[in-house]
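Q: Got a minute to go through a model with me? Here it is.
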Amino acid sequence: MQWRQIVFSATVLLAASAVAIAGPAGGTISGKVTYEGTPAKMKPIDMSKEPSCAKMYTTPPVAETVVTGSGNSLQDVVVYISAGAPDDAAPATAAVFTQKGCRYIPHVLAFQVNQELKIVNEDQTSHNIHPLPKLNREWNKSQPAGTPAISEKYDKAEFIPVKCNVHPWMHGNFAVLKNKHFTVTGDGGAFLLANLPAGKYTVTAWQESYGEQSQEVTISGSETKTVNFVFKAKPY
Amino acid sequence: MESHIGSLTGDSDAGRQLYFRYCWGCHGPHGDGNGENAPYLNILPRNFVAATFKCRSTPTGTLPTDEDLYNTLKRGVNFTYMPSWLALTAQERANLVAFIKTFSARWTTEKPGAPIQIPAEPSLTIASIKHGAELFQKLECWKCHGQEGRGDGPSASTLTDSNDQPIRPYNFTSDNRSKCGRTNPELYKIFMTGLDGTPMPSFADVVKPEDAWDLVHYLRTLQYNNPSAELTLWESTPEGNAIVATKRAKETATGSGFRP
């Protein structure tokens, strides 16, 4: 009983300092996404059929199906609360997906159901944006150089591969999610989901080639829980 | 489920009988395109469960109208294994449209898109053909369809449909039929609505309606083995005549300028 009290007061102290930094009270889930094994070597992209893009690179960029970093870290992994959190209304800001140098920036774009998705073409060439959803409507739009941004939204949660038929190497992903608790890992593979109310959550990590992994986490008060994900790399 | 085409009302129960006589061999008992014949077809039969359709009058990403589906049944889909079902009665085709709609819940949860507005076709001029040719360059239609419209552009060999099956861009020199019909308004609709499920995108957001007609006029001149008003006018100019003459020679065994 006494131990629990000590632990509890220590948690409160920690939480107090967290609140001072993070603003609204709530728990945090943080961790790192890594892989084990040997990931497939990403091949350089041959853009010679599109000179206006090829000239933007001194060395050819490589495919981004699996992006790794130091310490076996995995980039471009979507970490989100797949169960336990209520659905959130879409924010007013748009999620922006840019075509630049015949690549998608970002490679994985996470946004919410019914949130505005803005697609921008910064290249000197025509692209067609062809997302391939299974649950949402499939559309396919041309966006020649210098034309305005395309505005769209999706009304169902889904991971959607995106391609450009004109430039077959162009490949990206939309992660359409139900609530606001999500992030995409950057260089280093670390992630942080903050401001979580107390509750029992399922945290899920999604990588476009390695699939999904989930873990159960219970948050009480404003503690920080550590959750790490380790994906088994596919050698090919 | 019902369908409404003009004064016709189609009934899905009546359509079911027809479907399991004429359609299921390719489209399958579940309407998912996995019929007995499907593995032998190199443009796979439509999957009605996904409810994504190529030939529409409605914007990309929306359901087609009943009339669109009816017209597809009547016309067939050119360059695929889908034949024309002209031999059925109009009522039978309407019944089939109603039955096809029972395969996907989308037909109950969503409404078909609003058909795109097609302004009256402006008079054909050399200026409009030339402007169409500029658009063909600017919109980079040639990336897939090729500079001469032969379906041999730099991206052509890499194209796949939404099921990852190889698919060829339309070769304008092959015929005067396009996938979704042979009239000018049908050609207009193809690039302004896109052929959903294929690499062909919609240009509705980037091409103004009057410009779209110019592009239609130019595209007709690429169908140089099939007489059309556009081709005749184009050939009457020295510039057009020179282009068409060289192209046509390539297409014949003897290079003698044979014209069917």
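Q: Let's start with Cys102(A): buried or exposed?
A: Cys102(A) is buried: 23 other C-beta atoms lie within 10 Å, and the cut-off for buried is 20 or more. Keep in mind that this is a predicted model.
Q: Where in chain A does Cys102(A) lie?
A: In the loop between strand S5 (95-100) and S6.
Q: And what's phi of Cys102(A)?
A: Near 55°, a positive value in a residue other than glycine. Most residues other than glycine have a negative phi.
Q: OK, peptide bonds next. Which one is cis?
A: The bond from Ile105(A) to Pro106(A) is cis, with omega near -5°. Pro106(A) sits in the loop between strand S6 (103-105) and strand S7 (108-112) of chain A.
Q: Over to chain B. What's phi of Asp164(B)?
A: Phi is near 65° there, so to speak a positive value in a non-glycine residue. Asp164(B) is in the loop between helix H6 (142-145) and helix H7 (184-193) of chain B.
Q: Is Asp164(B) buried or exposed?
A: Exposed, because just 8 other C-beta atoms lie within 10 Å and 12 or fewer counts as exposed.
Q: Now the interface. How many residues are in contact?
A: 19 residues of chain A are in contact with 22 of chain B.
Q: Which strands of chain A supply at least two residues to that side?
A: Strand S9 (127-131) and strand S10 (141-143) each do. S10(A) gives the most, with three residues.
Q: What's the mix by class on the chain A side?
A: Six nonpolar, nine polar and four charged residues touch chain B from there.

How values were computed: Residues are numbered from 1 along each chain as its sequence is written. Chains are lettered from A and ligands numbered from 1 in the order in which they are written. This is a predicted model: local features need pLDDT of at least 70, side-chain atom pairs count only at pLDDT 80 or more; totals for chains, interfaces and linings use all residues. Two residues are in contact if their C-beta atoms, placed from the backbone, lie within 7 Å. Helices (H or I, at least four residues) and strands (E, at least two) are DSSP runs, numbered from the N terminus. Ala, Val, Leu, Ile, Met, Phe, Trp, Tyr, Cys and Pro count as nonpolar, Asp, Glu, Lys and Arg as charged, and the others, Gly among them, as polar.
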